Each structure stands twice: as structure tokens, then as C-alpha cells.
Amino acid sequence: FVNPSDIESMEVLKDPSSLAIFGVRGANGVIIITTKKGQQGKVNVNISSSVGVKNIVSSPEMTDREGFITLYDEQRANQGASPYSDYGLFNGNTDWVKEIQQKNALVNINNISISSGSDKNKLYIGLGYMLDKGLIKHEHYNKFTASINDEVNITDNLKIGVGANGSKASLPQYHDFISALNATPIVEPFNTTHGVYNKLPDQIGGPQIGNPLLFVEGTKNTKLAEENRVLGNAFLEYIFLKNFTFKMSYFADLGFNNGTEYTPLIKVYNAESDQVVNWNEKSSVSQYKNEYSKYQQDYLLTYKNQFGDHGLTLLGGFTTYYEKYNQISGKISQYAGG
């Protein structure tokens, strides 16, 4: 959730001495992300923007109608079954991967930052926006980010600072290419005569796979999800007796997420029965909301001294950590015609 443009450095801690202060939470290692701070000097304004597109550059070569018919009948013969008798009901020659893929999917990233600093105060503010469209139609991800860091030297020995990072993201309605890779090519995606999507044959994946384009086009914009996160910190650092540094730090990580999903009743054409039928048995609406909060406070005392060619650093401290999570969700369904 941190904007990469606001990152000053990243460090991976793996040795026991550096992980000791993190306790059991550092058992698998620790990644330290340091965000940018203001630099001493004049005010600096940085603006960056990038626009790009992405495509599938090595799409799998799918079997066409004739090739599928040959292979499927060979499979049925190997299983001791007679050839499929209803090929004449379907006149498609469909590459389902091409039907659902998004060509030239847009990626747009914009950032602006303002930094300034003096010997007493260092300030950094960053704002970012990203739009990322997926490789499948109607998938898009939006994210806004904001960050601020401010450090103030009250005296030569006393320094305080505050910082915050926040993000607001609209999540995409996820799909995948699995059904497109498995669906038979003999079916046309849409039936123009009846104005509905075509159903796959019951014997060739109809109940298990379904029409891939129906999943993408027929259910577009039926799922909305949003993630919001704010992480804040404040510290006070005091140097005394030349070699001692005492630091108090307070952290808060707050998350607010919610989502809604609607499953509509969708009609499909079943060529095997020559009827327009319900693709699903019932419609439904579901909604969820969850919140979490994490709080930490650290009190650290460091002694650091140099003895000729040798240096000594001692660190001791006390840390508390609190975490809370709440979630509520609900769902209602109704069968077709009931």
C-alpha cells in the first residue's frame, strides 16, 4: 500500500542480532521500508507521470473446431463411447482466450511530491494515483496514496517527528483464463437470435466450465470492493550524557475494508433442448465490512561509544503491541420464480 515513489530505501533483516528486538514476529525475517524525508535546502517539487499498455505476448495456440471434434471423438472412442452426436447444433469456432482478453490494457501512474528542509525542520509530502487495467476485460484497479513525514529539531539534543501513509484502493473484479482454456470451441459466445449467451453442451463442460464470456461480460460491475489503510507514527528522541539516546515511538495501523456483490439471474440458450433457460438457479446479494487496528509503542535506550579501533553499541527497550479485528457480513438469496 506504500507508494514506491515515496520509498527511500528497503532493507531485509535476517541475522539474529538485528531481529531480536522484533521478538517472535521477526521469526521469518523483517523487511524495513524507509520512506522519504525532507532534505535541507530549498523547496523541491517533483512530478512524474507514466502511461503504458500491456498485452499477452505469447497466447497459447488453441485447437479450432475441426481439431476439437477429432480429438474429442478419439477420446470418447478410447473410453468405449460412441462419437458425440450433436455437433450440428453448434456452429462456433471460438478462441475463448481472445474473446475475454483485454488488448492494450492501460497502465497509468502519476506522482507528485514536495519536500523542504532547514536545520530545524524537514518536511516531505507525497501524493500518488495509479490506474491498472487487467488482461481480462472489465478488470481495473484504482489506488490513491498519500504520505507525509515531518521532523523537527527542537534543540541539539531533542528531536520529534510524525509521519503518516494512507491508501484508498478500488479492487478489480477478478477473473482468470482457466475456463477459456478448457471451454470447447464449437460454441459461439452469444446467440443473436435469442439475445442471450449460449450454453456449452452438457456433455462437453456445460455444467462444470460454463461460457467464459458470460462470466466476464454478463457479470461485469456486479462486485465492488474497497480497501482503505492508514499507518501513522510519532517519535521523540533525546540524546544525553553524550553517549546515550532515548527514543519513544508510537505506531498505529488502521484498515477499513468493505465490499458488495450481486449475482443476477442470467438467461442462456441451450441448443440441446432448443430452449432459453436460467444459467443459475438463484440470485443473491452479499455485503461485508471489516476493520482492524494495530498499535505499538517502543521505548528504547541506546548506548554507543568508540574505544580506539573498537566500537560498542548496547540497546535495551520495552515494546507493547495490540491488535484488534472486527468483521460483519450478510447474504440473501432468492430462487428463480420464488
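Which residue in E7 does Lys143 stand opposite? Lys143 stands opposite Ala169. The model is predicted, so local features need pLDDT of at least 70 and side-chain atom pairs pLDDT 80 or more, while totals for chains, interfaces and linings use all residues. Residues are numbered from 1 along each chain as its sequence is written, and side-chain values use heavy atoms, without hydrogens and water.

**Sheet**
- Nine strands (DSSP runs of E, at least two residues, numbered from the N terminus) form an open sheet in the order E3-E4-E5-E6-E7-E10-E11-E14-E15, with antiparallel pairing (pairing requires at least two DSSP bridges).
- Strands E3 (41-54) and E15 (310-335) are the edge strands, each pairing on one side only.
- Strand E6 (residues 140-153) runs antiparallel to strand E7 (residues 158-171), and 12 bridges join them.

**Val107**
- Val107 has its place in strand E4 (residues 105-117).
- Leaving aside residues up to four places away in sequence, Val107 touches Ser50, Val51, Gly52, Lys54, Leu131 and Asp132 (contact: heavy atoms within 4.5 Å).
- Val107 and Asn165 lie 58 residues apart in sequence and 23 Å apart in space, C-alpha to C-alpha.

**Pockets**
- A pocket is an open set of points on a 1 Å grid where a 1.4 Å probe fits, with protein on both sides within 12 Å along at least five of seven lines; lining residues have an atom within 4 Å of a point.
- The largest pocket has a volume (space filled by probe spheres set on the points) of about 1900 Å³.
- Its lining comprises 47 residues, of which Phe22, Ile32, Ile33, Phe251 and Asp298 are the closest to its centre.
- The second largest pocket has a volume of about 220 Å³, and E11 gives the most to its lining, with three residues.

Methods:
Helix = DSSP H or I, 4+ residues; strand = E, 2+ residues; numbered from the N terminus.
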